[in-house]
Amino acid sequence: MLNGNGDGALPLASLNHISIVCRSVEASLDFYQNVLGFRPIRRPGSFNFDGAWLFNYGIGVHLLRSEDPEKLPKKRAINPKDNHISFQCESLALVEKKLGELGIPYVQSGVEEGGIYVDQLFFHDPDGFMIEICNCDSLPVISLSGEPIMACKRAVTLC
């Protein structure tokens with residue numbers, strides 16, 4: 001038994017960070033700070049490669065400069081069914097307004113389940129990594145097995 005559920009799964013607590021390989025650490029740093037609101041944090045000095053660490057909303061974003069930026073995939077059409085990371089927001093209208101002001105192309109989508117509607121906005125970071133902003137917390141999280149699902153939130157204050 002590896003976790004409290006007795007199902008043999010790894011004893012995970014929460015998502016710690018995502019790593020994104022980028023063409024330009026500077027361009028990605030600007031995007032993740034000024035568009036998504038992440039804040040730079042100290043990165044271990046023992047790394048011998050270019051990158052940056054950011055943190056906010058209980059999650060870290062680690063930017064890693066590509067060893068061969070020309071071999072990174074080019075941006076494709078915005079596709080809600082592509083790999084992406086999703087962030088909950090307070091107001092999709094404000095997010096949509098800000099994306100418009102910044103000239104960031106996006107695609108609107110939505111989900112309906114049992115009369116509950118979720119609105120979604122999808123767009124790319126500078127390297128084509130997909131970002132979703134949604135009001136997904138209106139959808140209940142219901143286990144298919146009927147067992148309770150534990151939520152884990154960790155707040156970290158940055159000075």
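**Exercise 1. Helix α1 and its hidden side**

Work out which residues of helix α1 (residues 25-34) are buried and how they sit around the axis.

*Solution.* Keep in mind that we're looking at a predicted model.
- Step 1: go through residues 25-34 and pick out the buried ones: V25, S28, F31 and Y32.
- Step 2: look down the axis. These residues span an arc of only 130°, so they sit on the same side of α1.
- Step 3: recall the general rule. An α-helix has 3.6 residues a turn, so residues three or four places apart point the same way.
- Step 4: see what lies over them. The cover includes β1, β3 (51-56), β4 (59-65), β7 (116-124) and β8 (130-134).

**Exercise 2. Y32 and the core**

Find the residues with the most contacts inside the largest nonpolar core, and list what Y32 touches.

*Solution.*
- Step 1: the largest nonpolar core has 23 residues, and Y32, L36 and I131 have the most contacts inside it.
- Step 2: ask who contributes. At least two residues of this core come from each of β1, α1, β3, β4, β5, α2, β7 and β8.
- Step 3: zoom in on Y32. Skipping residues up to four places away in sequence, Y32 touches I20, G37, F38, L54, V61, L63, D125, F129 and I131.
- Step 4: put that in context. In soluble globular proteins, nonpolar side chains tend to be buried together.

**Exercise 3. V21 meets L64**

Decide whether V21 and L64 are buried, partly exposed or exposed, then trace their contacts.

*Solution.*
- Step 1: place them. V21 is in strand β1 (residues 17-22), while L64 belongs to strand β4.
- Step 2: check V21. Its relative accessible area is 41%, and since partly exposed means between 20% and 50%, V21 counts as partly exposed.
- Step 3: do likewise for L64. With a relative accessible area of 23%, L64 is partly exposed too.
- Step 4: compare chain and space. V21 and L64 are 43 residues apart along the chain, yet their C-alpha atoms are separated by 4.7 Å.
- Step 5: list the partners, leaving out residues up to four places away. V21 touches L64, S66, L72 and D127. L64 is in contact with S19, I20, V21, C22, F49, D50 and G51.
- Step 6: take one more pair. L64 and D50 are 14 residues apart along the chain, with 6.4 Å between their C-alpha atoms.

**Exercise 4. The open sheet**

Sketch the strand order of the open sheet and describe β5 (residues 84-88).

*Solution.*
- Step 1: draw 4 strands in the order β5-β8-β7-β6, with mixed pairing.
- Step 2: mark the edges. β5 and β6 (107-113) are the edge strands, each pairing on one side only.
- Step 3: add the twist. Neighbouring strands are turned by 25° against each other on average, direction ignored.
- Step 4: join β5 to β8. They run parallel and share 5 bridges. H84 stands opposite M130, and F87 stands opposite I133.
- Step 5: sort the faces of β5. I85 and F87 make up the covered face, whereas H84, S86 and Q88 are on the uncovered one.
- Step 6: add helix α2 (residues 92-102), which lies across β6, β7 and β8 and runs at about 20° to β7.

**Exercise 5. How confident is the prediction?**

Read off the mean pLDDT of the chain and find where the value falls below 50.

*Solution.*
- Step 1: the mean pLDDT is 87, and 89% of the residues reach 70 or more.
- Step 2: the pLDDT is below 50 over residues 152-159, a stretch with 9 contacts in the model beyond near neighbours in sequence.

Methods. Residues numbered from 1 in each chain as written. Predicted model: local features only at pLDDT ≥ 70, side-chain atom pairs only at ≥ 80, totals over all residues. Heavy atoms only, no water. Buried < 20%, exposed > 50% of the residue type's maximum accessible area, 1.4 Å probe, protein only. Contact = heavy atoms within 4.5 Å. Arc of directions from axis to C-beta. Pairing = 2+ DSSP bridges. pLDDT = per-residue confidence, 0-100. Axes fitted to C-alpha atoms, helices over the stretch in contact; angles between N-to-C directions. Core = buried A, V, L, I, M, F, W, Y, C linked by side-chain atoms within 4.5 Å.
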